[in-house]
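Biologist: Please walk me through one small part of this model up close, then show me how the rest of the chain is arranged around it. I would like the cut-offs as you go.

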Amino acid sequence: MLKQCDLPICPVETTLILMGDKWKVLIVRDLLIGTKRFGELKKSLIGISQKVLTQHLRIMEEHGLVLRRVYAEVPPRVEYSLTELGQSLKFVHDAMQRWGEEYKAKLSRSL
């Protein structure tokens, strides 16, 4: 998890450090619906490589946004979910969704 001293003064910059990547935002989108296995996430994130997905999930876990659960099964089952802190990003996600819908509506009216 990041330390307070590692974070910039500007709260917007802090948010961008944690979520300022297309894939991270889309991972949050998928995990807001519920717990997912790695393969489910990979399938829903069209164009992401296994390496990039793994890197982002690890970083998000380190930042306290994602919880990784490994089950002692053969083959091993790994599930990802949002932590309580990760769930708190819902309002950010919802605001981005509303803005995107409004933008697309305005754009289609101007054509």
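Modeller: Leaving aside its neighbours within four places in sequence, Thr14 is in contact (heavy atoms within 4.5 Å) with Leu7 and Pro8. Thr14 lies in helix H1, where helices are DSSP runs of H or I with at least four residues and strands are runs of E with at least two, both numbered from the N terminus. With a relative accessible area of 15%, Thr14 is buried; that word means under 20%, exposed means over 50%, and partly exposed lies in between, for a 1.4 Å probe and protein chains only.

A word on the ground rules: this is a predicted model, local features need pLDDT of at least 70, side-chain atom pairs count only at pLDDT 80 or more, and totals for chains, interfaces and linings use all residues. Residues are numbered from 1 along each chain as its sequence is written, and side-chain values use heavy atoms, with hydrogens and water left out.

Helix H1 (11–19) also feeds the largest nonpolar core, as do H2, helix H3 (38–44), helix H4 (50–62) and strand S3 (77–82), each giving two or more residues. Such a core is a set of buried Ala, Val, Leu, Ile, Met, Phe, Trp, Tyr and Cys residues joined through side-chain atoms within 4.5 Å. This core has 20 residues, and Leu53, Leu57, Val66 and Tyr80 have the most contacts inside it. H2 is its main contributor, with five residues. In soluble globular proteins, nonpolar side chains tend to be buried together. Take Leu53: beyond its neighbours within four places in sequence, it is in contact with Ile27, Phe38, Leu41, Lys42, Leu45 and Ile48.

H2 also carries Ile33, which is exposed because its relative accessible area is 68%. The C-alpha atoms of Ile33 and Ser81 are 9.3 Å apart, although 48 residues separate the two along the chain.

Next, the empty space. The whole structure holds one cavity of 30 Å³ or more, a cavity being a set of points on a 1 Å grid over the protein atoms alone where a 1.4 Å probe fits but cannot get out. Its volume, the space filled by probe spheres set on grid points joined across faces, edges and corners, is about 50 Å³. Met19, Val25, Val28, Leu89, Val92, His93 and Met96 line this cavity, each having an atom within 4 Å of a point. Helix H2 (22–33) and helix H6 (90–110) each give two or more residues to that lining, and H6 has the largest share, with three. The lining divides into six nonpolar residues, one polar and no charged.

One backbone detail is worth a look: a cis peptide bond joins Val74 and Pro75, with omega at about -5 degrees. Pro75 sits in the loop between strand S2 (66–71) and S3.

Stepping back, the protein chain has six helices and three strands, in the order α-α-β-α-α-β-β-α-α from the N terminus. Its C-alpha atoms fill a box of roughly 55 × 35 × 25 Å along the principal axes. Of its 111 residues, 28% count as buried. Among contacts between residues at least 6 apart in sequence, 43% join residues at least 24 apart. The accessible surface comes to about 7,900 Å², with 59% of it belonging to carbon and sulfur atoms, by the Shrake-Rupley method with a 1.4 Å probe.

Conventions:
1 Å grid on protein atoms, 1.4 Å probe; cavity = no way out; pocket = protein on both sides within 12 Å on 5 of 7 lines; lining within 4 Å. Nonpolar A, V, L, I, M, F, W, Y, C, P; charged D, E, K, R; others polar.
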